[in-house]
Amino acid sequence: VRVPHPTCTASPSVLQLSQIQKQLSVTALAGTSISSGAAFRQLVCAFILGGVFFSVGIAVVGTVYALGENNVKRAKAMLSLVVKRTWKITITMIGAANMALFRRS
């Protein structure tokens, strides 16, 4: 009678091997579907953002063509003035709220 070495483990049965194989194949299929789904979402996102970028470019060119270059420059200057003033007010209000909340002077 031959006694196995104490560090050796018994080999798995055929039934255990088939169950392990099924589990691995299900896991592999799930991983494949997840990774291909992520790639598909990335492609869709890139496609949509590319379309948005192209549409914005065409809209800018169309606006300059329709309104004229001088009018677009004036509108840009006025818009930048409004944005700068709004930004200053926002920062001032955040500072005032910070001082009121934390009682700093």
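## The end of helix α2

Just after α2, Arg103 adopts a positive phi of about 55°. The model in which this residue appears is a predicted one.

Helix α2 itself covers residues 69-102. Its 34 residues reach 49 Å from the first C-alpha to the last, which is close to the 50 Å expected at 1.5 Å a residue.

## Overall architecture and exposure

The chain contains two helices and zero strands. Helix α1 comprises residues 14-67, and helix α2 comprises residues 69-102.

Of the 105 residues in the chain, 0% count as buried. The threshold for that class is a relative accessible area under 20%. The chain exposes about 10,000 Å², and 72% of this area is supplied by carbon and sulfur atoms.

## The salt bridge in helix α2

One salt bridge is present in the structure. Its partners are Lys73 and Glu69, whose closest N and O atoms are 3.7 Å apart. This separation satisfies the criterion, because a salt bridge requires a side-chain nitrogen of Lys or Arg within 4 Å of a carboxyl oxygen of Asp or Glu.

Lys73 and Glu69 are four residues apart in helix α2, and are therefore separated by about one helical turn. An α-helix has 3.6 residues a turn, so residues three or four places apart point the same way.

Both partners are classed as exposed: Lys73 has a relative accessibility of 53%, and Glu69 has a relative accessible area of 52%. These values place the two residues in that class because exposed means over 50%.

## A nonpolar surface patch

A nonpolar patch of about 750 Å² lies on the surface. The residues that make it are Phe40, Val44, Phe47, Ile48, Val52, Val56, Val60 and Val64.

Ile48, one of these residues, lies in helix α1. At 48% relative accessibility, Ile48 counts as partly exposed, because that class lies between the limits of 20% and 50%. Patch membership requires over 30% relative accessible area, so the value for Ile48 meets that requirement.

How values were computed: Residues are numbered from 1 along each chain as its sequence is written. This is a predicted model: local features need pLDDT of at least 70, side-chain atom pairs count only at pLDDT 80 or more; totals for chains, interfaces and linings use all residues. Side-chain values use heavy atoms; hydrogens and water are left out. Buried means under 20% relative accessible area, exposed over 50%, partly exposed in between (1.4 Å probe, protein chains only). Accessible areas come from the Shrake-Rupley method with a 1.4 Å probe; for residues, only the protein chains shown count as cover. Patches are made of residues with over 30% relative accessible area and no salt bridge: like charges are joined within 9 Å, nonpolar side chains (Val, Leu, Ile, Met, Phe, Trp, Tyr) within 5 Å. The expected span of a helix is 1.5 Å times one less than its number of residues.
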